[in-house]
Amino acid sequence: MTPTTRLCALALTSSLMAVPALAQSVNLYTTREPGLLNPVLESFTKDTGIKVNAVFLKDGLQERVKAEGSNSPADVMLMVDVGQIDAAAAAGVTQPVSSATVDKIVPKQLRGADNNWVTLTQRARVVIVSKERVKQDSIGYEDLADPKWKGKLCIRAGQHPYNNAFFAAYLAHYGAEKTEAFLKGVKANTARKPGGGDREVARDIQSGQCDIGLINTYYIGLMSQAKNEQKGWYDAIKPLKSSFKDGGTHVNVSAAAIAKHAPNKENAVKLIEYMLSEKAQTLYADGNFEFPVNPDVKESAAVKLLGTITPDRIPLSDIAKNRKAAADLVDKVGFDN
Amino acid sequence: MRRPPRLWRPSTRFAYAAGLGAALVAMPIVALALLALSPQAASIWPHLAANVIPRALGQTVLLLIGVGGVCGVIGVATAWLVTQYEFPGRRALEWLLVLPLAVPTYITAYIYVEVMGFQGPLQSALRALTGWRSLREYWFPDPRNLPGAILILSLVLYPYVYLSVRALFGVQGATIMEAARTLGASGRTRFWRIALPMARPALAAGLTLALLETLNDIGASEYLGVQSLTLSIYTTWLNRNSLAGAAQIACVMLLLVVGLILLEARLRGQRRFALPVRQPRAAGRLRLQGRQAALAALACALPVVFGAIVPLGFLIGQVWMRDLLGQIDAALLRQLANALLLALAATLCVVGLGLSIVVALRLGRESWLGLLARIASLGYAVPGTVLALGVLAPLAALDNLVADAARAWFGLATGLILIGSGAALVIAYTARFLSIAVTGVQSGYARVSNRIDDAARMLGAGTPELLRRIHGPMIRPAIAAAGLLVFVDCLKELPATLLLRPLNVETLATIVYGHASRGAFEDGALAALLIVLAGLYPVFVLARASGGRD
């Protein structure tokens, strides 16, 4: 063999990388970034001896599991948006999680229909304002459309899943007509085209481009810990106590489900139970400043930073249902244009 | 000598391989079309047609026009300068001009938003100088809009135009250009009347690659807030949970691509600039003096500075300031190896199939072979995730078939062989990048006159001999160049990699993405730097190999 052919052979064979060994393991498909999960997964392996094989997928997790069908190696699916996990359940790629432990820890409204998915943590979407220029401590989401914020509001794209879920919740509260008016009002208030990420909202408040914006709570936590310029963004903002006027704070979840054809179902249940344990919840929720679902975790990092929140009363499944309608309205009013 | 049976002649064998290549690309596209036509799709079409597509189409067309214009100007101007004139720094600039190709567009976009941002070095310096404190007191350009996206994408993509046009100016046109100069044509006349018309096919080929990249870009345009067709494919798929609707938009986009490719074919026209049989040589260059020399050097240096040096400097700065070298560990090296091996495997497949297609076209002149080549070029235009989704369904079905059969007949648990092994990913890369190899090798073959074939055959050479001894040496540079481009593209590829990689496999691109999706892109600076560095060497070789050497 010439060196070239040898190299070719090497490349081709090593692209056939070994399939993970099957002894005592559990396979995790996740849309959550691995850096945030690894500490919990490592601790799980240490405590139980079960190895976790993981793949981080951004979009298309559901499609992949569905296509892989009855031979899919997926055991546990972990997603960071209620709409996504609910869609996976609706697509029939999950199976009910049957575990007394899970039922005891997670309230029913934080589980999918027939226990097809289970909430692990919650995060809130709140209003932040400039510490310097805005003097108020609480706000109703409805006021984001108030013309007094004209040219002062920054927000990421209306089609982004975080805003999509928020608008879907608004729809559940107020119906299509009022939501459309709300979207138009918010759009009219924007200081710049909707886009970028949540942290950029804080950055643009610091720079003076805007005074008010929407952000997921864990970003506030992560910025507060940052050792770089993001600390400056954090110092410039103030989170407001935010809620719907007739409800509570909009929350979204990170949630887990068991794949329909899970080859290691027992281990899958073990992993989910473990992630709900006090120890893991502290590790997992605090690592990303999310609100633990296990009530035994009293002093979470998120609560220390932001105080307790009262989640909105709209069931998560309703938010999931309204997602498409919310996306249509965003297009209709040209929110992202 | 007995001729081998018709079905196993060399020319037929290449046609089989060409068919395989076209089938690989056609597979996801057919899957896409079927999805777009599915019954659940009908309900969403009116909404898309009324609210989504007109706007997205308009933005996309503007983006394409902008990127096409800027890339065309930068690419042609720099190629003209480095091939026709001699000025200080020309030798270095000649290959430096290719470097931006090694930086993924999403990384460049991120870096420019940082650099031009409120706390970036520019605005900070401005505030320090003026005493201003807030953006309310001054205006500063913001790259997060359509013009910003046009400039940033062009900075990364102009080398496609530069490479193909320079090859033409440097070698092919040398004799003609020298004749024109002897006859007293001024620089301006030579450029507008001779070089540019002659470069039209090369310009069209380069622009097509740049525009197809623009069309399926998602990372940069999303980050810069451009509502492109590709982005609306994603939102339709994910927010409306309508893969069918997404497939419809993808089909609209595909029509746009077919339009682009037809336009290219038209621009290329029936012109053939086959060279004289003798080895061409580069033209002598005019030496520029004083201000003119400085201007030429500046014009060639600017794209390099903004396209490669600023991004590289930023990444190195981040790695240095954040002390990220500590991240180098066994895991990172494994990811580097993963990225390199996957890219290498895919490159071999792509070049092999691409070469087969072009050779089949050369040997047999059946019109359906031309169609195969066209089909094989479509994959490049389909957004990565959409292509990956299209690859996923058929391959997973095949995997399941094999797994079920193995269990039923042999009691073996094989798992999903293609998806579980990464082979699916290699197939996706192949479908995506096959067009680069086809275009590249084709342009190499365009230089090989048919008269050479006739001469060789008359002297008794059979097909294998013709290919091995005559064509091989002549098109080797084109093959190498295409291979390197594919390799770099595979290294940068993100969406298909994210969707199709097996358990526990990360590549550099997925690591960068992981950090970025956590909102901490800076932590991924080392992996991003490694992608760029891993791409620099091939790009460097490419610049040397395809250039007009003296």
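Start by selecting Ala256(A) in this predicted model, and then, setting aside the neighbours within four places in sequence, add the residues that Ala256(A) is in contact with, which are Val76(A), Met77(A), Leu78(A), Trp117(A), Val118(A), Leu120(A), Ile272(A) and Met275(A).

Two of the residues now on your screen, Met77(A) and Ala256(A), are, together with Ala428(B), those with the most contacts inside the largest nonpolar core, a set of 294 residues. To follow this core into the other chain, select helix α14 of chain B, residues 330-363, which gives the most to the core, with 19 residues.

Next, return to chain A and colour its two domains separately, taking 22-122 and 252-305 as domain 1, and 123-250 and 314-332 as domain 2. The centres of these domains, taken over C-alpha atoms, are separated by 27 Å, and where the domains meet, 18 residues of domain 1 of chain A are in contact with 17 residues of domain 2 of chain A. To find the side of domain 1 that touches domain 2, select α4 (82-90), β5 (118-130), β11 (251-259) and α12 (301-306) of chain A, the elements that give two or more residues to that side. Colouring by class then shows nine nonpolar, six polar and three charged residues on this side of domain 1.

Finally, display both chains and look where they meet, for 57 residues of chain A are in contact with 54 residues of chain B. Here the helix to select is α13 of chain A, residues 316-332, which gives the most to the side of chain A that touches chain B, with six residues. By class, that side of chain A has 20 nonpolar, 21 polar and 16 charged residues.

Notes. Residues numbered from 1 in each chain as written. Chains lettered and ligands numbered in written order. Predicted model: local features only at pLDDT ≥ 70, side-chain atom pairs only at ≥ 80, totals over all residues. Domains from an automatic or database assignment. Contact = placed C-beta atoms within 7 Å. Helix = DSSP H or I, 4+ residues; strand = E, 2+ residues; numbered from the N terminus. Nonpolar A, V, L, I, M, F, W, Y, C, P; charged D, E, K, R; others polar. Core = buried A, V, L, I, M, F, W, Y, C linked by C-beta atoms within 7 Å. Buried ≥ 20, exposed ≤ 12 C-beta atoms within 10 Å, placed from the backbone.
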